[in-house]
Structures are given as C-alpha cells and as structure tokens.
Amino acid sequence: QVHLVESGGGLVQAGDSLRLSCTASGRTFSSYTMAWFRQAPGKEREFVAYITRSRVTYEANSVKGRFTISRDNSANTVSLQMNSLKPEDTAVYYCAADQKTTTDSTRYYYWGQGTQVTVSS
C-alpha cells in the first residue's frame, strides 16, 4: 500500500517557477515508477512526466525543457521542478505510482489528492 501526498502548488505569474513535491508512505517507494499528471478544468487528465526506479525520466513534449522530475528514495519523495510557467500549465497536478512504467493514467494504481497550480498571464 502506498499513500501519496502532494504539496507545493500555488498561484504564480507567467515565467515564474514552482516546485511540486510528492511524499509517499511505505517501504517500497524505490521500486515504483513515479509520475506526475495534470488536469485542467473541462479537460482530460494528461501525462506530464515520469521517473522509473532506475531514474530514467520522460517528459511530455508540452513541458520538455521546462519541467524536470526527480526522486529522493531516502526521503520517499518525488519532485517536479517547473520553470518558465505558462498560463496553459494551470491545472490540478497529481502524483501517481505504479510498478509499471507508462504514460497512460489509467494504468497507475496509486494517486495523491492533487495540488492546484495556477499561472496568471
């Protein structure tokens, strides 16, 4: 069982940076692929980035070069550093975990409650 709690969301201006964190309970954190997804109002949940247990990372084209995902297994934490934020990045950001590695949100078993990121123009 894995319990995920996100933090770090907020209201920022376009061009600003924000760092999201997701802390996981459980002793098997290091064995999971960790991912970030986001969902804007009226839109489907979309993939943002993942990091595998061997620290292979992959980001969506829409955030590549601006967002960086990382993990600290000693702290059971995965982070998402978001730079050069745009208004279209506004969404609720969710942390997810699974032993599979995929960009498909329907295949992730564990989810956090989400944290709101709002980027004003």
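A disulfide is a pair of cysteine sulfur atoms within 2.5 Å. The exercises below use this cut-off and concern a predicted model.

**Exercise 1. The disulfide**

Find the disulfide of this structure, give its handedness, and state which parts of the chain the pair ties together.

*Solution.* A search of the whole structure finds one disulfide. Its partners are Cys-22 and Cys-95, with an S to S distance of 2.1 Å, which lies within the 2.5 Å cut-off. The torsion about the S-S bond of Cys-22 and Cys-95 is about -80°, and the disulfide is therefore left-handed. To place the pair in the fold, note that Cys-22 lies in strand E3 and Cys-95 in strand E9, so that the pair ties together parts that are 73 residues apart in sequence. As for the surroundings, Cys-22 is buried at 0% relative accessibility, and Cys-95 is likewise buried at 0%.

**Exercise 2. Strand E9 and its partners**

Determine how many residues of E9 are buried, and then list strands that pair with E9, giving the direction of each pairing and a residue pair for each.

*Solution.* Begin with burial: eight of the eight residues of E9 are buried, so this strand is largely enclosed by the rest of the structure. Turn next to E4, which runs antiparallel to E9 and is joined to it by seven bridges; here Trp-36 stands opposite Cys-95 in E9, the cysteine that is joined to Cys-22 in the disulfide. The pairing of E9 with E11 is also antiparallel and comprises three bridges, and in it Ala-91 stands opposite Val-117 of E11. Finally, E9 pairs with strand E10, residues 110-111, in the antiparallel sense over two bridges, with Ala-96 opposite Trp-111 of E10.

**Exercise 3. The four-stranded sheet**

Work out the strand order of the open sheet that contains E8, identify its edge strands, and describe the pairing of E7 with E8.

*Solution.* The sheet is open and consists of four strands in the order E1-E3-E8-E7, with antiparallel pairing. Its edge strands are E1 (4-7) and E7, each of which pairs on one side only. Neighbouring strands of this sheet are turned against each other by 15° on average, direction ignored. Looking at one pairing in detail, E7 and E8 are antiparallel and share six bridges, and Arg-71 has Val-78 in E8 as its bridge partner.

**Exercise 4. The nonpolar core**

Name the residues that touch the most other members of the largest nonpolar core, say which strands each supply at least two of its residues, and list the contacts of Tyr-93.

*Solution.* The largest nonpolar core has 36 residues, and those touching the most other members are Leu-4, Met-34, Trp-36, Val-78, Leu-80, Met-82 and Tyr-93. At least two residues of this core come from each of the strands E3 (18-24), E4 (33-39), E5 (46-51), E7 (67-72), E8 (77-82), E9 (91-98) and E11 (115-120). If residues up to four places away in sequence are not counted, Tyr-93 touches Glu-6, Leu-20, Trp-36, Phe-37, Arg-38, Val-48, Phe-67, Leu-80, Met-82, Gly-114, Thr-115 and Val-117. Among these contacts, Trp-36, Leu-80 and Met-82 are themselves named with Tyr-93 as residues that touch the most other core members.

**Exercise 5. Salt bridges around Arg-38 and beyond**

State how many salt bridges the structure holds, examine those of Arg-38 with Glu-46 and with Asp-89, and compare the burial of Asp-98 and Lys-100.

*Solution.* The structure holds four salt bridges. In one of them the side chains of Arg-38 and Glu-46 meet at 2.6 Å, N to O; Arg-38 is buried, with a relative accessible area of 5%, whereas Glu-46 is partly exposed at 35%. The side chain of Arg-38 also meets that of Asp-89 in a salt bridge, at 2.9 Å, N to O. Because Arg-38 lies in strand E4 and Asp-89 in the loop between E8 and E9, this pair ties together parts that are 51 residues apart in sequence. Both Arg-38 and Asp-89 are buried. A further salt bridge joins the side chains of Asp-98 and Lys-100 at 2.8 Å, N to O, where Asp-98 is buried with a relative accessible area of 9% and Lys-100 is partly exposed with 32%. As a last step, salt bridges that share partners join Arg-38, Glu-46, Arg-66 and Asp-89 into one network.

Conventions. Residues numbered from 1 in each chain as written. Predicted model: local features only at pLDDT ≥ 70, side-chain atom pairs only at ≥ 80, totals over all residues. Heavy atoms only, no water. Core = buried A, V, L, I, M, F, W, Y, C linked by side-chain atoms within 4.5 Å. Buried < 20%, exposed > 50% of the residue type's maximum accessible area, 1.4 Å probe, protein only. Contact = heavy atoms within 4.5 Å. Pairing = 2+ DSSP bridges. Axes fitted to C-alpha atoms, helices over the stretch in contact; angles between N-to-C directions.
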